[in-house]
Amino acid sequence: MWMIQHLRSHLVEFILLRACRNSVLGNHDYRGDVEAQLSPILSQIDRKWFCKRSFLLNAEIADIFFVDTTPFVTKYFTYPKDHKYDWRGVTPRQTYIANVLKDVESALEYSTAKWKIVVGHHTIRTAGHHGDTKELIDQLLPILQANDVDFYINGHDHCLQHISCTESPIQFLTSGGGSKAWKGDFKLNKVGLEFYYDGQGFMSVQLNPNNAHIKYYDAFGKALHKFKVLKQFHSSI
């Protein structure tokens, strides 16, 4: 069962420098002491710090589902190179993944929020350096599409990008421009690609019951790309 955090507001606005950097673990975090990063002591030191493997943030008009994506990626287990990963609490891996998927699906089905947002460290669709994450396409994406998820937000690729899904209303939003960028290896012919910035910056998301406003900025605050999504229909009772 996921931990649920509540944020009461009729207007939800949050800014992402690197998507979910202080919220869910990424591959580099798994190369350190995971248990230390998940320790509640950190929240006592700084109440702004909240990090769990997977959890749900309820903000009335939006449910934001944070998913631990690192254990999905097979190469971290089969070809770790010279990296040492802290898999305590994850093994046996297939059981862990199955439980995460079950919890995601159950939470999405139960959600009556107008907006459903899923956040993970790894890309699902990307034109950037790391490429699409096949494991998430095969296992997580079908659940998101079946449950009318509006946005999937990630980091991992050190860039800013917006990709529209060709099979569902999902928008794939990458906000990974808070660290090393300018890699130069990206594919502008990526299907569904609406915007790509190979540099540093951040993204803001503003939600109200009727629409969502998403904006991308460079490191100096200059607007680079923006779009709006209308929420015209809502089937929740």
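Reader: What makes the contact between the side chains of R88 and D86 a salt bridge?

Author: In this predicted model, the side chains of R88 and D86 come to 2.7 Å, taken from N to O. A salt bridge requires a side-chain nitrogen of Lys or Arg within 4 Å of a carboxyl oxygen of Asp or Glu, so the pair qualifies.

Reader: Why is D86 called buried, and why is R88 called partly exposed?

Author: D86 has a relative accessible area of 10%, and because buried means under 20%, D86 is classed as buried. R88 has a relative accessible area of 42%, which lies between the 20% and 50% limits, so R88 is partly exposed.

Reader: What makes D33, D86 and R88 a network of salt bridges?

Author: The side chain of R88 meets that of D86 in a salt bridge, and the side chains of D33 and R88 meet in a salt bridge with an N to O distance of 2.9 Å. D33 lies in the loop between strand 2 (12–16) and helix 1 (34–37), whereas R88 lies in the loop between helix 3 (75–78) and helix 4 (93–110), so this pair ties together parts that are 55 residues apart in sequence. D33, at 42% relative accessibility, also counts as partly exposed.

Reader: How do you know that the salt bridge between D150 and K231 links distant parts of the chain?

Author: The side chains of D150 and K231 meet at 2.7 Å, N to O. The two residues are 81 residues apart, with D150 in the loop between helix 6 (141–146) and strand 6 (151–154) and K231 in the segment after strand 12 (223–230). D150 has 11% relative accessibility and K231 has 14%, and because the limit for buried is under 20%, D150 and K231 count as buried. The structure holds seven salt bridges, among them this one.

Reader: How do you know that the length of helix 4 agrees with the expected span?

Author: At 1.5 Å a residue, the 18 residues of helix 4 should span 26 Å, and the end C-alpha atoms are 26 Å apart, so the two values agree.

Reader: What puts the buried residues of helix 4 on the same side?

Author: The buried residues in helix 4 are R93, Y96, I97, V100, L101, V104, A107 and L108. They cover an arc of only 135° around the axis, which is why they are placed on the same side of helix 4. The face turned away from that buried side carries the exposed residues Q94, K102, E109 and Y110, while the cover over the buried residues includes strand 4, helix 3, strand 5 (115–120), helix 5 (134–139) and helix 6.

Reader: Why are strand 3 and strand 4 said to pair, and in which sense do they do so?

Author: Pairing requires at least two bridges, and strand 3 and strand 4 (residues 62–67) have four, so they count as paired, in the antiparallel sense. L57 has I64 in strand 4 as its bridge partner. The two strands form a hairpin with three residues between them, and E60 in the turn has a positive phi of about 65°.

Reader: Which way do the residues of strand 3 point?

Author: F55 and L57 point one way from strand 3 (residues 55–58), L56 and N58 point the other way, and all are buried. In a regular strand the side chains alternate between the two faces of the sheet.

Reader: Why is M203 called buried?

Author: M203, in strand 10 (residues 201–207), has a relative accessible area of 0%, which is under 20%, so M203 is buried.

Methods. Residues are numbered from 1 along each chain as its sequence is written. This is a predicted model: local features need pLDDT of at least 70, side-chain atom pairs count only at pLDDT 80 or more; totals for chains, interfaces and linings use all residues. Side-chain values use heavy atoms; hydrogens and water are left out. Buried means under 20% relative accessible area, exposed over 50%, partly exposed in between (1.4 Å probe, protein chains only). The expected span of a helix is 1.5 Å times one less than its number of residues. The arc is that of the directions from the helix axis to the C-beta atoms. Contact means heavy atoms within 4.5 Å.
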